[in-house]
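Q: I have a model open and I'd like to learn how to read it. Can we go through it feature by feature?

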Amino acid sequence: MKKAVFLLTIIMLVSLGALTGCSLFGGNDTNTNTQASNEEAPKKEVETEEKEKDTKDKKVEELKNNEESKKESN
């Protein structure tokens, strides 16, 4: 009887661990970390593209202002 109760408690603990997502080897942690980094990569690309567009716009405006000032000085 004691062996049966002991085995049932072990089975119950293992099944509860499986249902709650507990892992002995930390497999879930590594999967979530890679997903987070994959989601952050496109955000960084969008931010860099926006910065590049802003710098190009500023350069174009500066060139226009320089041309206008040259025309006015002439």
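A: Sure, here is a short walk through the helices, the burial and the surface patches. Keep in mind that this is a predicted model.

Q: Where do I start, and how many helices and strands are there in the chain?

A: Start with the secondary structure. Here the chain has two helices and zero strands. Leu7 sits in helix α1, residues 2–20, while Glu62 belongs to helix α2, residues 27–73.

Q: What does the reach of α1 from its first C-alpha to its last tell me?

A: Set the reach against the expected value. With 19 residues, α1 spans 27 Å, close to the 27 Å expected at 1.5 Å a residue. After α1 comes Gly21, with a positive phi near 90 degrees.

Q: How do I read burial, and what share of the residues count as buried?

A: Buried means under 20% relative accessible area. In this chain of 74 residues, that applies to 1%. Helix α1 is hardly covered, with one buried residue among its 19. The chain exposes about 7400 Å², and carbon and sulfur atoms supply 58% of that.

Q: Which residues form the nonpolar patch on the surface?

A: Look at Phe6, Leu7, Leu8, Ile10, Ile11 and Val14, which together have about 620 Å² of accessible area.

Q: And which gather in a patch of negative charge?

A: Among them are Glu45, Glu47, Asp54, Asp57 and Glu62, on the surface.

Key:
Residues are numbered from 1 along each chain as its sequence is written. This is a predicted model: local features need pLDDT of at least 70, side-chain atom pairs count only at pLDDT 80 or more; totals for chains, interfaces and linings use all residues. Side-chain values use heavy atoms; hydrogens and water are left out. Patches are made of residues with over 30% relative accessible area and no salt bridge: like charges are joined within 9 Å, nonpolar side chains (Val, Leu, Ile, Met, Phe, Trp, Tyr) within 5 Å. Accessible areas come from the Shrake-Rupley method with a 1.4 Å probe; for residues, only the protein chains shown count as cover. A salt bridge is a side-chain nitrogen of Lys or Arg within 4 Å of a carboxyl oxygen of Asp or Glu. Helices (H or I, at least four residues) and strands (E, at least two) are DSSP runs, numbered from the N terminus. Lys and Arg count as positive and Asp and Glu as negative; His and the chain ends are not counted. The place of a charge is taken as NZ of Lys, CZ of Arg, CG of Asp or CD of Glu. Buried means under 20% relative accessible area, exposed over 50%, partly exposed in between (1.4 Å probe, protein chains only). The expected span of a helix is 1.5 Å times one less than its number of residues.
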